[in-house]
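The report that follows is written for someone meeting this structure for the first time. It moves from single residues to a metal site and then to pairs of helices.

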Amino acid sequence: MQNKLVIFFLFLINIPSSSAFDLNDGHIHYNSDVWADLSKEQALSLLTENGINRAIVFSTPTAGTEKLYQLAPQRVIPFLMPYRVVRDRFTWHSDSSMVAYVKQQLSTGIYKGFGEFHLFKEHKNTVVVQQLMQLIADYKITVNAHSDAETIEALINMQPEVTIIWAHCGMDHPVDDVSRMLKQYPNLYCELSFRYNMFDKENRLVLKWKQLLEQQAIRFILGMDTYIPRRWANLPENSEFARQWLKQLSPSTEKRIASDNIDRMFPVKD
Ligand SMILES: [Zn+2]
């Protein structure tokens, strides 16, 4: 009986009514610090309750991503984070054991991307980063980089064919830089979590940002960034905030950024 209930529950969370969903998310962490309080089923339900259909998921360690992916392979777009443990965040770019680790993980064939990783200009060109970018190009997967503009350009120059999602769209880089880079690099995309200076005090998009989002509508994706447990708890406010500001855009741009771009970049397989 219990098994039947579980199967029914899985059925519910895997096949939601299409009208309930209006968002796809480009920045979901399912890190080990939340597993005890938020089971994989609960995590997926939270996405469902907040209208989020598909999500790019990564985690420290990557077992969290695999758990969610196995539960809902049509909804989870798994990315490999190079952090086996939290401290890898600070050393991965110069840790030669990382290359064998990433190679072994990518050989499972489930990963559609590599990241989120944190990489800044001090370490933008290490041998390990070069080797990993070569692996990523060989596997034809996408990168998700939390980086400054200079580092993003270094990664692009290393492997121009690789699609790069710029996490937080550079966080606080000036809009003119973002605009220039999107024009210059056709394989660069921007994920918009924590991009608070897109807004004025009334949460209205500032003009330059509004224009850029309209002009480059196919290059932006949303992100809720559940990097700590509190951000999972905040999903209702954060997804609602996204819906509200997206309404300031034209309907076609709104829909692209809300969901269509991720579906185009990562088509669902039958
Ligand atoms: Zn993140």
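Asparagine 203 is partly exposed, with a relative accessible area of 39% (buried means under 20% relative accessible area, exposed over 50% and partly exposed in between, with a 1.4 Å probe and protein chains only). Asparagine 203 sits in the loop between strand 7 (188–191) and helix 10 (207–215), where helices (H or I, at least four residues) and strands (E, at least two) are DSSP runs numbered from the N terminus. This is a predicted model, in which local features need pLDDT of at least 70 and side-chain atom pairs count only at pLDDT 80 or more, while totals for chains, interfaces and linings use all residues. Residues are numbered from 1 along each chain as its sequence is written, and side-chain values use heavy atoms, with hydrogens and water left out.

Most residues other than glycine have a negative phi, and most peptide bonds are trans. The table lists backbone positions with a positive phi.

| Residue | Phi | Place |
|---|---|---|
| Asparagine 203 | about 60 degrees | loop between strand 7 and helix 10 |
| Cysteine 169 | near 50 degrees | loop between strand 6 (164–166) and helix 9 |
| Glycine 51 | about 75 degrees | just after helix 3 |

Cysteine 169 counts as buried, at 0% relative accessibility. Turning to peptide bonds, a cis bond joins threonine 60 and proline 61, with omega about -10 degrees, and proline 61 lies in the loop between strand 2 (52–58) and helix 4. A cis peptide bond also joins glycine 115 and glutamate 116, with omega about -5 degrees.

Which residues coordinate the zinc ion? The ligands are His27 (NE2), His29 (NE2) and Glu116 (OE), at 2.0 to 2.2 Å, donors being N, O and S atoms within 2.8 Å of the metal (3.2 Å for Na, K and Ca); water is not among the atoms, so sites may look incomplete. Along the chain, the donors of the zinc ion follow the spacing H-x1-H-x86-E. Histidine 29 belongs to strand 1 (residues 23–29) and glutamate 116 to strand 4 (residues 113–119), so the pair ties together parts that are 87 residues apart in sequence. Histidine 29 is buried, with a relative accessible area of 4%, and glutamate 116 is buried too. Leaving aside residues up to four places away in sequence, histidine 29 touches Phe58, Met81, Glu116, Asp225, Thr226, Tyr227 and Trp232, where contact means heavy atoms within 4.5 Å.

Isoleucine 77, found in strand 3 (residues 76–80), is buried, with a relative accessible area of 3%. Isoleucine 77 and arginine 264 are 187 residues apart in sequence, and their C-alpha atoms are 12 Å apart in space.

The axes of helix 3 (residues 40–49) and helix 4 (residues 63–71) come within 10 Å and cross at roughly 70 degrees; axes are lines fitted to C-alpha atoms, for helices over the stretch in contact, and angles run from 0 to 180 degrees between N-to-C directions. Helix 3 and helix 4 are therefore roughly perpendicular to each other (65 to 115 degrees, whereas under 35 counts as roughly parallel, over 145 as roughly antiparallel and the rest as oblique). Here Lys40, Glu41, Ala43 and Leu44 in helix 3 meet Lys67, Leu68 and Leu71 in helix 4.

The axes of helix 8 (residues 149–158) and helix 9 (residues 175–184) come within 12 Å and cross at roughly 5 degrees, which makes helix 8 roughly parallel to helix 9. In this pair, Ala149, Ile152 and Glu153 in helix 8 meet Arg180, Met181 and Gln184 in helix 9.
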